[in-house]
Amino acid sequence: MDFKQMILEAGIEMQAKNLTIETWGNISIRDPESGLIYITPSGMPYDKLNEDDIVVLNPDGTIHEGKRTPSVESGLHTLIYQNRTEINAVLHTHPVDSSIFGMLRKPIPMVSDELAQAFGEEIKVADYALPGSKELAENAVRALGTNMACLLANHGALCVGRNMQECFKTASVLESQARIYYKALCIGTPVVLKEDDVAYMRDFALNKYGKTNQ
Ligand SMILES: [Zn+2]
């Protein structure tokens with residue numbers, strides 16, 4: 001698989017879906033076979049990137065290949081892969097509505113069936129730390145836990161997936177549901193779903209949805 005090409009396409013998709021602006025955010029993919037991590041370079045416009053600009057990291061975060069400086073958050077991406085062996089794609093986004101909750105440092109509870117299916121547990125906010133710091137990476141990994149996303153305090157969102165397609169689904173569900181939750185909060189008190197119902201829907205989404213009966 002051409003992982004560098006996948007990163008380039010993900011950069012264009014992230015902008016097209018309004019999941020970030022300008023050069024903010026960063027994207028990585030792990031090759032499950034070699035363990036190498038392909039990541040966006042620091043501070044370059046997504047629509048100007050070519051394959052030579054993508055940096056390849058070893059599993060420990062050291063540079064394996066590449067002429068560019070890797071994303072300032074490469075330590076965060078590396079730490080996620082070290083803690084979550086099933087995860088092979090990470091998107092750090094700066095989307096408007098999800099960021100509102102990170103700014104308020106307010107978690108997003110399971111208030112819709114979509115959230116229950118895509119996440120199965122509350123989306124937490126990582127404690128604040130400066131961008132690119134080891135502390136930010138540690139705080140984010142703690143808030144992420146076994147979930148598919150967390151919010152960074154005063155700084156966008158973090159979404160993961162077993163592959164890039166799932167990662168984008170996670171990011172899109174988070175952002176659309178943050179928008180709905182925000183609007184619901186404006187006019188009333190959203191009802192949080194029962195834990196049992198959330199667990200049922202998450203299990204269905206993971207193990208039964210879209211599968212034919214054998
Ligand atoms: Zn950021």
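**Exercise 1.** Classify R179 in this predicted model as buried, partly exposed or exposed.

*Solution.* Step 1: the relative accessible area of R179 is 37%. Step 2: the class "buried" requires a value under 20% and "exposed" a value over 50%, with "partly exposed" in between. Step 3: R179 is therefore partly exposed.

**Exercise 2.** Identify the salt bridge that D97 forms, and state where its two residues lie in the chain.

*Solution.* Step 1: the partner of D97 is R179, and their closest N and O atoms are 3.2 Å apart. Step 2: D97 belongs to helix α3 (residues 96-104), whereas R179 belongs to helix α6 (residues 164-187). Step 3: with their positions 82 residues apart, the pair links distant parts of the chain. Step 4: D97 has a relative accessible area of 11% and is buried.

**Exercise 3.** Determine which residues are linked with R179 in a network of salt bridges.

*Solution.* Step 1: R179 also meets E175 in a salt bridge, at 3.8 Å from N to O. Step 2: these two residues are four apart in helix α6, about one turn of the helix. Step 3: E175 is buried, at 5% relative accessibility. Step 4: the network thus comprises D97, E175 and R179.

**Exercise 4.** Describe the salt bridge between K134 and E138.

*Solution.* Step 1: the closest N and O atoms of K134 and E138 are 3.1 Å apart. Step 2: both residues lie in helix α5 (residues 134-144), and because they are four residues apart, about one helical turn separates them. Step 3: K134 is exposed at 65% relative accessible area, while E138 is partly exposed at 33%.

Note on methods
Residues numbered from 1 in each chain as written. Predicted model: local features only at pLDDT ≥ 70, side-chain atom pairs only at ≥ 80, totals over all residues. Heavy atoms only, no water. Salt bridge = Lys/Arg side-chain N within 4 Å of Asp/Glu carboxyl O. Buried < 20%, exposed > 50% of the residue type's maximum accessible area, 1.4 Å probe, protein only.
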